[in-house]
Amino acid sequence: MFKVLVSDPISDLGIQKLVDAEDVVVDKKPGLSEDELVAIIGEYDAMLVRSQTRVTARIMEAGKQLKVVGRAGVGVDNIDLEAATQRGIIVINAPDGNTITTCEHTFAMMMAVARHIPQAYLKTVGGEWDRKSFLGVELRNKILGVLGMGRIGSEVAKRAKAFGMEIWGYDPFLTEERAEKLGIRLSSVDDIVRNADFMTVHTPLTPETRHIIGASQFEVMKKGMRIVNCARGGIIDEIALVAAVDKGIVAGAAFDVFESEPPAADHPFLSNPKIIVTPHLGASTVEAQENVAIDVSEQVLNILRDKPFSNAVNMPPIPANVLNILQPYFNLGEKLGSFAAQLTEGAIQEITVNYSGELAEVDTQPLTRYIVRGVLSHHLGSEMVNVVNSMHLAKERSVNIVIQKSHTSRDFTNLVTVSLRSKQEERLVAGTLLTGYGPRIVQIDKFPVDVAPGGNLILVSHNDKPGIIGRVGTLLGTNDVNIATMQVGRKIIGGAAIMVLSVDKAVPKDVLSQIAELPDLNNAKEIILY
Ligand SMILES: NC(=O)C1=CN([C@@H]2O[C@H](COP(=O)(O)OP(=O)(O)OC[C@H]3O[C@@H](n4cnc5c(N)ncnc54)[C@H](O)[C@@H]3O)[C@@H](O)[C@H]2O)C=CC1
Ligand SMILES: O=C(O)CCC(=O)C(=O)O
């Protein structure tokens, strides 16, 4: 049974799939402190958060069986991603579910600041009928500068056109072609700051975007600009903004987010009549909360059930066309890694993976993660290593990873070859997917074989002489170990050879030693592939 902790208020309807799952128990405990979370997180496999819970390294350290942290929303700045990656905890988000809602909130804020809605409301409900103080401006024919033309920025731009605005956009990934398609002007931050009447930011908070609008931008800013921030506090320098408002450079500002949330009672925004604020409500609609909770619940279930998942934040995304090619090889890759690790004596110094055939044409990094997971799991334990942290753990242990690609494959459409080098030796295992037969190990060291990668295997190296197979079979039979299949590989008659036996149960150590002591036998190893 998997245990999932929901530590922020998250839509009940959205998490229904998790609640209904027979293999999952969901505990809703919003509003716990870090200490309280540290005390209980050890019993949970997954955690679902919005933006309030700060998922710190301490919490993850205490989350001994935590596999996934699901963020019902976009920004993951409340989650210590580095700590998650180090511990192999997958962090996923729900990037699409709140796009429109946040875009609409941006418009609500832009119109509210253009027409002084909150200020006028307060006076009116206070009994004053003041029609002189709130002269607004139209959006029509104004330049709207958009910093960050991702999901939300692009939706804002689309709607702003309907208001008759001219849109100037900046995003490091915005090309001329896309700008043209969106019907916007590709600009720089400086262009926007000097020319826009309204400006809205829709970037994540990164070292690069932190205070991207600060004192020096306010110095050259078009007088009378109105600024909206429904993305992240800190993108616009709060202190510099207040100064610019006071100097009359900025006519009004609308902020949904703060550098520190909630803001202190004496935060200068809260007493400035030209700055309107909401308490991080960008994503707060029934629809968005349902959407993000559904998205994140589905992916959490996939992860807990060891199924393919999407929207991992601490792993690069895999394009669908690449995933189609690689996915069938994930399991084989992990088993090849595990096989090679069990084969190799001594501390592993280098993992070389050769991809040949169609596989060589795509970005194989996701498959490499599985292979490295297979290699490291043998030594570190499969609980410790997953596809999120496998590369990181290898690097931490100074294991060099070499990737080679051969665009043609001699005998197979696709071939994955994993070689491990330790101080003592270099060993090799290769595998492929055979149509109609599934995954097969087709080479061990220099020997061609045809072995289904699974279960309990015994690998025997011996001299190719008559009678050996019989002797091994008899010894196993005498010890009540049933042989399911057997494969022999050799390069030349009478030379060195290997035998791979698939057996129905684990082989006692003393039986393995007895096999190794048989005449003309050099070595016998048990290899377990789950
Ligand atoms: N107020 C709220 O409740 C909500 C806030 N957000 C926040 O809104 C922001 C945008 O979200 P999405 O559009 O979904 O993200 P997105 O990832 O689709 O778009 C972000 C864009 O910012 C661009 N960018 C990165 N660095 C930049 C820079 N230096 N200058 C200009 N552009 C830069 C990226 O290239 C990307 O296109 C995020 O910070 C997110 O956390 C999202 C949802 C709700
Ligand atoms: O969960 C929320 O309400 C915050 C949404 C947000 O900021 C995000 O998705 O980045």
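In which loop does Pro 262 lie? In this predicted model, Pro 262 is placed in the loop between β11 (250-255) and β12 (275-277), and the peptide bond that joins Glu 261 to Pro 262 is cis, with an omega of about -10°. Strand β12, at the end of that loop, contains Val 277. Val 277 has 20 other C-beta atoms within 10 Å and is therefore buried. The C-alpha atom of Val 277 is separated by 58 Å from that of Leu 420, a residue 143 positions away along the chain.

The domain assignment of the protein chain gives domain 1 (2-96 + 287-304), domain 2 (99-277), domain 3 (318-449) and domain 4 (454-530). Between the C-alpha centres of domain 2 and domain 4 there is a separation of 72 Å. A further annotation comes from UniProt, where an unreviewed entry places the feature "domain: ACT" at residues 457-530. Over residues 457-530 the chain is 26% helix and 43% strand, and the C-alpha atoms at the two ends are 11 Å apart.

Within domain 1 (2-96 + 287-304), strand β5 (residues 90-93) is covered on both faces, with Ile 90 and Ile 92 buried on one side and Val 91 and Asn 93 buried on the other. Strand β4 (residues 68-71) runs parallel to β5 and is joined to it by 4 bridges, and in this pairing Arg 71 has Asn 93 of β5 as its bridge partner. The connection from β4 to β5 passes through helix α4 (residues 81-87), forming a β-α-β crossover that is right-handed.

A second group of parallel strands is centred on β10 (residues 225-229), a strand largely enclosed by the rest of the structure because 5 of its 5 residues are buried. From β10, Met 225, Ile 227 and Asn 229 point one way, whereas Arg 226 and Val 228 point the other way, and all of these residues are buried. Strand β9 (residues 198-201) pairs with β10 in the parallel sense over 4 bridges, and Val 201 has Asn 229 as its bridge partner in β10. The chain reaches β10 from β9 through helix α10 (residues 215-220), and this β-α-β crossover is right-handed. The pairing of β10 with β11 is likewise in the parallel sense, over 5 bridges, and in it Ile 227 stands opposite Ala 253 of β11. Here the chain crosses from β10 to β11 by way of helix α11 (residues 238-246), in a β-α-β crossover that is right-handed.

Two ligands are present in the model, and their surroundings can be described in turn. Around ligand 1 there are 33 residues, of which Gly 75, Gly 148, Gly 150, Ile 152 and Gly 282 come nearest. The elements giving two or more residues to this shell are α5 (99-115) and α7 (151-162), and α7 gives the most, with 3 residues. By residue character, the shell around ligand 1 divides into 14 nonpolar, 14 polar and 5 charged residues. At least three residues of this shell are drawn from each of domain 1 (2-96 + 287-304) and domain 2 (99-277).

Ligand 2 is surrounded by Arg 50, Ser 51, Gly 73, Val 74, Gly 75, Asn 98, His 280, Gly 282, Ala 283 and Ser 284. The shell around ligand 2 divides into 2 nonpolar, 7 polar and 1 charged residue. Gly 75 and Gly 282 belong to the surroundings of ligand 2 and are also listed among the residues that come nearest to ligand 1.

Positive phi angles occur at two aspartates in loops. Asp 306, although it is not a glycine, has a positive phi of about 60°, and it lies in the loop between α12 (286-304) and α13 (320-343). With 9 other C-beta atoms within 10 Å, Asp 306 is therefore exposed. Asp 480, also not a glycine, has a positive phi of about 65° and is located in the loop between α16 (468-478) and β20 (483-490). Asp 480 counts as exposed because it has 10 C-beta neighbours inside 10 Å.

Technical notes
Residues are numbered from 1 along each chain as its sequence is written. Chains are lettered from A and ligands numbered from 1 in the order in which they are written. This is a predicted model: local features need pLDDT of at least 70, side-chain atom pairs count only at pLDDT 80 or more; totals for chains, interfaces and linings use all residues. A residue is near a molecule or strand if its C-beta atom, placed from the backbone, lies within 6 Å of it. Ala, Val, Leu, Ile, Met, Phe, Trp, Tyr, Cys and Pro count as nonpolar, Asp, Glu, Lys and Arg as charged, and the others, Gly among them, as polar. Domain bounds come from an automatic or database domain assignment. UniProt positions are given in the numbering used here, feature names are shortened, and annotations may be inferred rather than shown by experiment. A residue is buried if 20 or more other C-beta atoms lie within 10 Å of its own, exposed if 12 or fewer, and partly exposed in between; C-beta atoms are placed from the backbone. Two strands pair if DSSP finds at least two bridges between them. A crossover is right-handed if, with the strands pointing away from the viewer, the path from the first strand over the helix to the second runs clockwise.
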